[in-house]
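Open the model in a viewer, with the sequence panel beside it. The stops below are given as selections, each followed by what is found there.

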Amino acid sequence: VAYIGITRFKLTGIEEIQDVEYLGSAGYKKQGELLAVIKFDEYLIEGHMPVDGMVVRMNEALLCGDRSLLLQQPEDRGWIAFIAPARPYERLNLLISKQYQFKGKGRLSK
């Protein structure tokens with residue numbers, strides 16, 4: 001299983017998230033499928049599925065409107081979706097937590 005989201009680096013300079021729009025629901029998704037769009041003024045950050053697999057659940061806190069988690073704790077509680085990759089032992093396009101925080105960019109964000 002894996003959590004996917006947007007890193008703090010990608011959110012640099014954004015003071016407030018106006019909206020998080022989830023596209024679709026839990027279920028099987030193909031790599032590259034758009035899962036969510038994060039909106040700040042005219043700026044949009046698209047969150048894509050990093051690998052083929054099952055979206056187990058979306059972040060309920062974000063669904064309920066607590067968008068501040070994305071800015072305050074993006075690599076912790078501000079995740080977008082919890083997934084089960086179709087090929088669980090293949091690490092291509094996935095980062096372990098330390099790599100995700102270190103690199104400053106997530107595989108989900110474009």
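The tour goes from the whole chain to the sheets, then to the core and a single helix residue.

**Whole chain**

Start with everything selected, in cartoon view, and keep in mind that this is a predicted model. The protein chain has three helices and seven strands. Read from the N terminus, the elements follow the order β-β-β-β-β-β-α-α-β-α. Switch to a surface: the accessible area is about 6600 Å², and carbon and sulfur atoms account for 51% of it. Of the 110 residues in the chain, 42% are buried. With contacts displayed, consider those between residues at least 6 apart in sequence; 63% of them join residues at least 24 apart.

**The three-stranded sheet**

Select residues 19-22, 34-40 and 43-48, which are S2, S4 and S5. They form an open, antiparallel sheet in the order S2-S4-S5. S2 and S5 are its edge strands, each pairing on one side only. The average turn between neighbouring strands here is 20 degrees, direction ignored.

Now look at the two pairings in turn. S2 and S4 run antiparallel and are joined by four bridges; on this side, Asp19 stands opposite Lys39. S4 and S5 are also antiparallel, over six bridges, and Phe40 faces Tyr43 of S5.

Stay on S2 and show its side chains. Which residues are on the covered face, and which on the uncovered one? Val20 and Tyr22 make up the covered face, whereas Asp19 and Glu21 are on the uncovered face.

**The four-stranded sheet**

Next select residues 2-4 and 27-29, strands S1 and S3, together with 53-58, strand S6, and 81-85, strand S7. The order in this open sheet is S1-S7-S6-S3, with antiparallel pairing. S1 and S3 each have a single partner strand, so one side of each lacks a neighbour in the sheet. Neighbouring strands are turned against each other by 40 degrees on average, direction ignored. Zoom in on S1 and S7, which are antiparallel over three bridges. Within this pair, Ala2 stands opposite Ile83.

**The core**

Hide the cartoon and display the largest nonpolar core, a set of 23 residues. Which of its residues touch the most other members? They are Ile38, Ala81 and Ile83. At least two residues of the core come from each of S1, S2, S4, S6, S7 and helix H2 (68-72). S4 supplies the largest share, four residues.

Centre the view on Ile38. Neighbours within four places in sequence aside, Ile38 is in contact with Ile6, Ile17, Asp19, Val20, Tyr43, Leu44, Ile45, Leu70 and Ile80. Two of these, Asp19 and Val20, were seen on opposite faces of S2, Asp19 on the uncovered and Val20 on the covered one.

**Helix H1**

Finish at residues 60-63, helix H1, and pick Ala61 within it. Is Ala61 buried, exposed or partly exposed? Its relative accessible area is 25%; because buried requires under 20% and exposed over 50%, Ala61 counts as partly exposed. Apart from neighbours within four places in sequence, Ala61 is in contact with Asp66 and Leu69. For a last distance, pick the C-alpha atoms of Ala61 and Ile80: they are 9.6 Å apart, with the two residues separated by 19 positions along the chain.

Conventions: Residues are numbered from 1 along each chain as its sequence is written. This is a predicted model: local features need pLDDT of at least 70, side-chain atom pairs count only at pLDDT 80 or more; totals for chains, interfaces and linings use all residues. Side-chain values use heavy atoms; hydrogens and water are left out. Two strands pair if DSSP finds at least two bridges between them. Axes are lines fitted to C-alpha atoms, for helices over the stretch in contact, and angles run from 0 to 180 degrees between N-to-C directions. A nonpolar core is a set of buried Ala, Val, Leu, Ile, Met, Phe, Trp, Tyr and Cys residues joined through side-chain atoms within 4.5 Å. Buried means under 20% relative accessible area, exposed over 50%, partly exposed in between (1.4 Å probe, protein chains only). Contact means heavy atoms within 4.5 Å. Accessible areas come from the Shrake-Rupley method with a 1.4 Å probe; for residues, only the protein chains shown count as cover.
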